[in-house]
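Open the model in the viewer and set it to a cartoon view. The stops below go from one annotated span to a single loop residue, then to the whole chain and a small sheet.

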Amino acid sequence: MTFYQADLVTDTAISVAGLTAYIQALLEENAQLHHIWVIGEVSSANGHSKGLFFTLQDTEGKAAINCVVWHSQIDKLTQIPQRGEQLIVLGSLRLYPQRGQYQLTVWQALPAGDGLQALRYRQLRNRLEAEGLFAVERKRSLPIHPQTIAVVSSPAGAAWGDIQKTLRSRYPGVRVLFSPALVQGEQAPSSIAKAIARVEEDGRAEVLILARGGGAVEELACFNDERVVRAIAQCSIPVITGIGHQRDESLADLVADVCVHTPTAAAECVVPELQELYFEHQQRITTLCTVMYQQLKNAENQLEEFKIRLRRLRLEQKILQERQLLASQRHQLVARTKQQLQQATLRCQFLEQKLASLDPKAVLKRGYAVVRQEQGEIVRHASNLAIGQKLFIQLTEGQVKVEVTQIIN
């Protein structure tokens, strides 16, 4: 019976190419779709050597269609499609089998006024700007050496991975708190606002990164939502946006304390590079030694000049005055040198403590241990282990090989 059903399905199944060809025939052989007028708002437009590619969207943003005006037809258009405009376009539908997508080939475009979504965007931007949410005076500077950073992004996107990689390479040891959120779709605005609220409730983060990878303008609409803008404005810690777009600024970018164009750039902005700190420290030591040597040489030169002048003086009073002046200058030099040396010593001690706090071995010395799988991957969750699995436990000195006998979640 089972074999009969499988054979029956195989005999009646159609290939992907066959299905696509059938759909293509339905679309391209339909007379109404050969010459059709469509009205909508231009949500994105990109020039290309072959022509102008743009997306036409309905006023509520619930449906969209990809359109193209080939290069030879652009000069014949009454209105060149631009983002935010409402257009009535004339064209025909074509389906591209390789991509499984349909597209409207446009012959003519007529103006139909400003797009509703563009109008809503301008009204919201003007209202928020009137409230002062985009004012430069509100912008806060980022902390120089943050110990805890919060990240709001999608757990499934590449942005979160890029941020982790950048932070680990530039500033090892920094604590990163991840507050997951949707960054695309109708549920994204409330999800982002809730993720920021979770960071606020936690209270440990010193700076917050709001990030998303690149995408079409329609996919980034959540960053123009008033709920997201107000969540950023009301956040008690500095916020930096790293949204993967460069053509336009979103309202989230305008209200943030700092905005950059990629998640990686946002991670680079919030932490210094450890190698740069090492280099700066060495430069300070070199500069201190140079200054001390120069001051010593200057003091020796002055002393030699005083000796020469003393040899030329005959009156005891002049000699006494010069000795008093020399003693005073020597005292000032020693006091100044001691002060600079003390400041430099305190600075060096601070940097040593800073470097010691970043040393992973210091954490092990406090009684912690690092658990790794046999392949060397660090174990962070008990749910990822299995009974009988071999593990290595790294202690302050040496390591121990163990076997999992029980898992307690």
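Select residues 15–108: the C-alpha atoms at the two ends of this span lie 36 Å apart. Helix makes up 18% of the span and strand 50%, where helices (H or I, at least four residues) and strands (E, at least two) are DSSP runs, numbered from the N terminus. An unreviewed UniProt entry lists residues 15–108 as "domain: OB-fold nucleic acid binding"; UniProt positions are given in the numbering used here, with feature names shortened, and annotations may be inferred rather than shown by experiment. This is a predicted model, in which local features need pLDDT of at least 70 and side-chain atom pairs count only at pLDDT 80 or more, while totals for chains, interfaces and linings use all residues. Residues are numbered from 1 along each chain as its sequence is written, and side-chain values use heavy atoms, with hydrogens and water left out.

Next, pick Thr59, in the loop that runs between strand S2 (51–57) and strand S3 (64–70). Thr59 counts as partly exposed because its relative accessibility is 29%; buried means under 20% relative accessible area, exposed over 50%, and partly exposed in between (1.4 Å probe, protein chains only). Add Thr105 to the selection: 46 residues separate Thr59 and Thr105 along the chain, and their C-alpha atoms are 21 Å apart.

Now zoom out to the whole chain, which has 12 helices and 13 strands. Its C-alpha trace spans about 120 × 70 × 40 Å along the principal axes. The radius of gyration is 34 Å, whereas a compact globule of 409 residues would have one near 22 Å; the value is taken over C-alpha atoms, and the globule rule is 2.2 Å times the number of residues to the power 0.38. Colour by accessibility: 33% of the 409 residues count as buried.

Finally, select strands S11, S12 and S13, which form an open sheet in that order with antiparallel pairing; two strands pair if DSSP finds at least two bridges between them. Which strands stand at the edges? They are S11 (370–373) and S13 (399–403); each has a single partner strand, so one side of each is left without a neighbour in the sheet. From one strand to the next, the twist averages 30° (axes are lines fitted to C-alpha atoms, for helices over the stretch in contact, and angles run from 0 to 180 degrees between N-to-C directions). Strand S12 (residues 390–394) pairs with S13 in the antiparallel sense over five bridges. To see one bridge, show Ile393 and its partner in S13, Val400.
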